Amino acid sequence: MRLIATRLLAAVPTMIGVIIVTFILTRLLPGDAAAYFAGPAATADSIEATRHHLGLDRPLPEQFVLYVEGLTRGDLGKSLTSGQSVLDDLSHRLPASIELTFLALLVALGLGIPLGTGAALKPGGRIDHVCSLVSTVGQATPTFFLGLLLVFVFYYLLEWVPAPIGRLDVVYSPPHEITGAWSIDAALAGDWKLLGAVLRQLILPVTTLALFGLGPLARVTRASMIEVLASDYVRTARAAGLPRRKVLRAYAFRNAVVPVLNASGMVFSYMLGASVLVEKVFGWPGIGAYAIDAVLASDFAPVQGFVLAMALLYLLLNLIIDIVNGLLDPRVHFDV
Amino acid sequence: MNARASTSPLLAIEALSIRFGDDQCPSTVDAIDLVIGRGEIIALVGESGSGKSLLAHTIAGILTPAASVRAKRFEFAGVDLRSPQEHAFASLRGREIGIVFQNPRSALNPVRTVGSHIADVLHEHRGLRFRRLEAAVIAALAAVRIPEPAARARSYPGELSGGMCQRVMIAMALAGDPSLLVADEPTTGLDTTTQAAILDLILDHARARRMATLFITHDLVLARAYAERIVVMHAGQIVEEAPTDRLFAAPRHPYSAALLSATPANAGTVADLNGIPGNLPKLGVSIPACRFAERCARAIPRCRSERPAFVFDTSRHGAACWVSL
Amino acid sequence: MSEAAAERSFVSPVRAPEWVAVALLVLMGSMALIGPFLVPYDAIATDPPIALQQPSSAHLFGTDQLGRDVFSRVIVSARVDLGIAFTAVITTLLIGSALGAAAGWAGGWTDRIVSRLLDTIMAFPLFVLAVGIAAALGNSVSSVVIATVIVNLPLYARQVRTEINRRRGAAYVEAAQLAGIGPFTIVALHMMPNLAPQLAVQASLNLGWAILNAAGLSFLGLGIRPPHPEWGIMVSEGAAYIISGEWWLFVFPGVMLLLAVLTFSLTGDALRDRLDPRRA
């Protein structure tokens with residue numbers, strides 16, 4: 001418990017910095033939001049009136065104070081393009097992004113850890129070479145290109161997956177939302193046909209994003225495993241006559257996993273960034289696509305909200321990782 | 001396989017060499033012979049880098065795959081261990097042969113409790129489970145004289161002192177009831193009182209179980225206090241072997257004599273302390289047949305060209321030297 | 001084991017990935033430097049009648065929706081993308097090192113402020129921050145460069161800060177100070193050269209990421225505006241034609257991006273293997 005509190009406290013100054021930076025960024029957005037909102041037929045006067053109405057003519061520091069005040073009330077402003085409050089927009093679209101990124105992280109871990117372990121058990125062997133190749137090429141491929149390539153091969157050429165136009169094919173209606181993650185919601189409702197349809201739409205975007213994170217995770221697993229396998233305590237376990245499987249599981253893997261978990265935090269951060277591109281490619285209705293549309297329309301409140309939300313997500317995940325770390329590794333408590 | 005019953009030697013090694021790299025490279029451990037009888041307590045002494053640990057690891061079956069072993073004879077309780085090594089050692093490691101390492105702290109898994117270490121070994125070698133296993137773990141900890149064993153079993157290695165960790169390692173090594181215990185510098189880094197306590201512990205168990213002990217150290221004083229026989233190693237070659245008293249009374253190899261005179265306990269004053277000149281020969285440069293030749297005051301040309309044969313006298317005191325004392 | 005083999009020198013035999021890295025470097029370098037002079041067609045001129053033609057001997061990579069030759073456009077883009085990446089990386093290397101050195105040397109408030117700044121940057125998923133910055137600064141090459149520079153600052157600043165901090169108390173530094181040499185000179189002439197290999201490796205690997213960053217921003221519409229050719233934009237424009245089967249519009253620029261990033265990854269790895277003896 002104390003651990004969580006310490007971490008949260010340490011995050012406060014960073015959050016302050018984040019808020020300031022987001023505010024500065026979005027006030028710099030070119031294009032006159034007032035003119036846009038006033039409409040194409042506006043006169044200079046009506047634009048001024050709109051500006052005053054939106055509070056855009058007040059001095060910057062005052063705008064900042066108003067902004068922070070709003071934040072404490074949970075008010076992230078209003079989107080000029082959708083007319084809704086940013087908070088509403090974000091909460092509607094957030095689950096889609098989280099479902100996508102989180103699933104992708106799980107897939108990346110599920111593929112990367114075995115790959116890295118296999119590579120570490122026989123350095124220089126075939127699995128090691130595959131691991132190297134996948135890492136290097138995976139990290140060098142632009143995410144958007146990979147996504148488009150997958151669409152071309154699996155949708156256009158092979159017709160194995162449906163059209164990449166969002167979370168669900170038009171013939172289906174979305175499941176009753178409990179978590180917001182349609183895969184879970186469909187499963188909870190017991191609607192297996194719907195679940196299948198949801199998963200079919202998820203395959204390509206999740207694969208694209210997962211392949212992006214696969215490289216670094218496999219690499220870290222491999223390095224960590226190699227180091228652990230060469231350690232004194234693994235030697236002791238082997239010398240004590242423990243069977244190979246047991247040594248691997250209880251003495252090597254447990255220890256090797258810790259750095260991998262920490263790396264997952266970083267990888268998740270990269271994936272959050274890349275998810276913006278993936279959402280664009282696959283027409284995924286998440287917060288990334290929302291933000292990009294807002295940017296192109298010089299609508300700053302959504303962009304502010306988006307950047308803030310992303311930073312918060314990242315913070316949250318790091319907190320979770322710290323906690324899991326504390327559970328797995330007793331040494332954490334001795335480190336002061 | 002009742003390793004204690006018969007009278008044949010427990011461990012018999014003849015002309016064993018360990019080398020890294022191909023056959024062109026000089027071997028790190030060079031054609032050594034070693035025989036350990038049942039229940040014998042033997043000390044293997046030598047400087048750092050003399051190959052003692054390599055030999056220990058080879059006997060315990062955990063030699064690094066980067067090294068290769070060649071021997072005319074390498075038998076443990078009748079089992080041929082030359083090759084394939086993995087298969088033969090699988091049933092011996094941890095069971096018939098136990099090993100204790102130096103740096104006990106780093107030799108234990110920091111994220112697992114001390115009790116689970118011992119439980120793993122007990123489960124593997126004695127098939128115990130659940131409550132019987134728990135009781136056996138506590139008993140094992142008590143047997144190595146760890147106070148409050150039930151509480152200690154739930155501690156992590158990071159919470160224990162070096163001496164305690166070493167006791168845990170000993171408990172792990174003894175769990176399979178081995179007939180040979182290899183102790184590779186078990187007390188290096190511990191304070192003197194703890195050193196004595198640990199060695200007493202090992203010896204007590206050795207005598208009680210009639211377990212042979214190969215005790216590796218660079219400290220002659222410790223060797224003298226605890227061992228029946230001493231084997232002296234230099235640069236991968238065994239140079240002398242003798243019952244303890246005889247070695248200290250009348251060493252035959254110049255290196256052993258030099259080691260003795262370099263021991264602070266033997267010398268009267270600091271002025272009397274003689275260091276041994278030179279360093280261990282580097283492998284790869286042209287290396288003399290007797291690897292002590294370059295540092296020996298008594299060396300003759302034959303020492304460099306022809307490896308001295310190991311010659312035993314009647315009282316089981318042997319040395320490999322053309323110009324023995 | 002012979003002693004010669006035991007020592008790793010810089011001039012050890014070249015291994016396979018290194019050959020690939022060198023070959024790619026040459027390819028990229030020539031595309032960027034002399035490519036624009038050698039391309040068969042004008043990269044901007046449109047020719048609607050021959051739009052969307054498959055790759056052929058006349059047009060190696062086919063033509064796009066406005067009849068432009070894809071091959072020429074891909075080659076010419078090299079200069080843009082690589083130029084942006086190089087400019088960004090060099091700038092961030094200089095500024096980042098300066099910041100890190102200042103923080104590592106001075107300690108105290110300077111260190112605290114710089115560290116806070118770096119922490120704030122790193123609290124964001126980096127691409128998201130780049131999107132934010134590029135959006136705020138408008139659609140141009142410079143905004144992409146600035147975004148990349150800011151986002152990559154922590155990478156260099158932290159490394160330099162740690163190293164300078166570590167060596168701050170070293171004997172040779174004290175001696176130099178006593179001799180009256182100013183801190184700027186000490187850091188620049190005595191301490192930085194020690195860091196040069198590390199930074200070189202970092203920069204090389206970073207170049208790959210900078211290219212991906214710039215291309216990603218352009219793909220989203222935040223960087224260069226058409227009609228100027230740039231790999232990210234080309235992929236973005238080509239995306240619409242996938243479902244009608246005209247694959248050459250997006251595949252060729254995409255593959256070129258991949259090769260460009262690969263070039264610097266492999267180069268960085270090779271440099272690291274040679275310059276960092278600990279990895280032997």
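**Group meeting: a walk through chains A, B and C**

Hi everyone. I'd like to begin with a helix in chain C, α8, which covers residues 171-178. This helix is hardly covered: of its eight residues, the number that count as buried is zero. Right after α8(C) comes Gly180(C), with a positive phi of about 90°. One thing to keep in mind throughout is that this is a predicted model.

Let me step back to chain C as a whole. Chain C contains eleven helices and zero strands, so to speak an α-α-α-α-α-α-α-α-α-α-α run from the N terminus on. The C-alpha trace of chain C spans about 75 × 55 × 30 Å along its principal axes. Chain C has 280 residues, and 49% of them count as buried. For those of you who like contact maps: take the contacts in chain C between residues at least 6 apart in sequence, and 70% of them join residues at least 24 apart.

Now for the place where chain C touches chain A. How many residues does each chain bring to this contact? Chain C brings 36 residues and chain A brings 39 residues. On the chain C side, five helices each supply at least two residues: α5 (108-123), α6 (126-137), α9 (183-220), α10 (231-239) and α11 (248-275). Of these, α6(C) gives the most, with nine residues. As for the chemistry of that side of chain C, there are 25 nonpolar residues, nine polar ones and two charged ones.

Over to chain A, then. Chain A has 13 helices and zero strands. Its C-alpha trace spans about 85 × 55 × 40 Å along the principal axes. Of the 336 residues in chain A, 44% are buried. If you look at contacts in chain A with a separation of 6 or more, residues 24 or more positions apart account for 70% of them.

There is one helix pair in chain A that I'd like to show you: α5, residues 86-121, and α12, residues 287-296. Their axes are 7 Å apart, and the two helices pack at an angle of about 130°. Why do we call this pair oblique? Angles over 145 degrees would count as roughly antiparallel and 65 to 115 as roughly perpendicular, and the angle of about 130° is in neither range, so α5(A) and α12(A) are oblique to each other. If you want to find the spot on screen, look for Asp89(A), Leu90(A), Arg93(A), Leu94(A) and Ser97(A) on α5(A). They meet Ile287(A), Gly288(A) and Tyr290(A) on α12(A). Sorted by class, this contact has four nonpolar, two polar and two charged residues.

Last stop, chain B, and helix α4 in particular, residues 130-143. This helix has 14 residues and reaches 20 Å from its first C-alpha to its last, close to the 20 Å expected at 1.5 Å a residue. Which residues of α4(B) are buried? They are Val137(B), Ala140(B) and Leu141(B). Looking down the axis of α4(B), these buried residues fall within an arc of 95°, so they line one face of the helix. That buried set packs against three helices of chain B: α3 (114-126), α5 (149-152) and α6 (162-174). On the other side of α4(B), Arg131(B), Arg132(B) and Ala135(B) are exposed.

For the backbone-torsion fans, here are some positive phi values around that helix. Phe130(B), which is found in α4, has phi near 45°, a positive value in a residue other than glycine. Is Phe130(B) buried or exposed? Phe130(B) counts as exposed because it has 7 C-beta neighbours inside 10 Å, and the cut-off for exposed is 12 or fewer. Just after α4(B), Arg145(B) takes a positive phi of about 65°. In the loop between α4 and α5 of chain B we find Glu148(B), with a positive phi of about 50° although it is not a glycine. Glu148(B) has 11 C-beta neighbours inside 10 Å, so it also counts as exposed.

To finish, here is another phenylalanine of chain B: Phe89(B), in helix α2, residues 85-90. Phe89(B) is buried, because 23 other C-beta atoms lie within 10 Å and 20 or more is what it takes. Leaving aside neighbours within four places in sequence, Phe89(B) is in contact with Gly61(B) and Leu81(B).

Thanks for listening, everyone!

Note on methods: Residues are numbered from 1 along each chain as its sequence is written. Chains are lettered from A and ligands numbered from 1 in the order in which they are written. This is a predicted model: local features need pLDDT of at least 70, side-chain atom pairs count only at pLDDT 80 or more; totals for chains, interfaces and linings use all residues. Helices (H or I, at least four residues) and strands (E, at least two) are DSSP runs, numbered from the N terminus. Two residues are in contact if their C-beta atoms, placed from the backbone, lie within 7 Å. Ala, Val, Leu, Ile, Met, Phe, Trp, Tyr, Cys and Pro count as nonpolar, Asp, Glu, Lys and Arg as charged, and the others, Gly among them, as polar. Axes are lines fitted to C-alpha atoms, for helices over the stretch in contact, and angles run from 0 to 180 degrees between N-to-C directions. Angles under 35 degrees count as roughly parallel, over 145 as roughly antiparallel, 65 to 115 as roughly perpendicular and the rest as oblique. The expected span of a helix is 1.5 Å times one less than its number of residues. The arc is that of the directions from the helix axis to the C-beta atoms.
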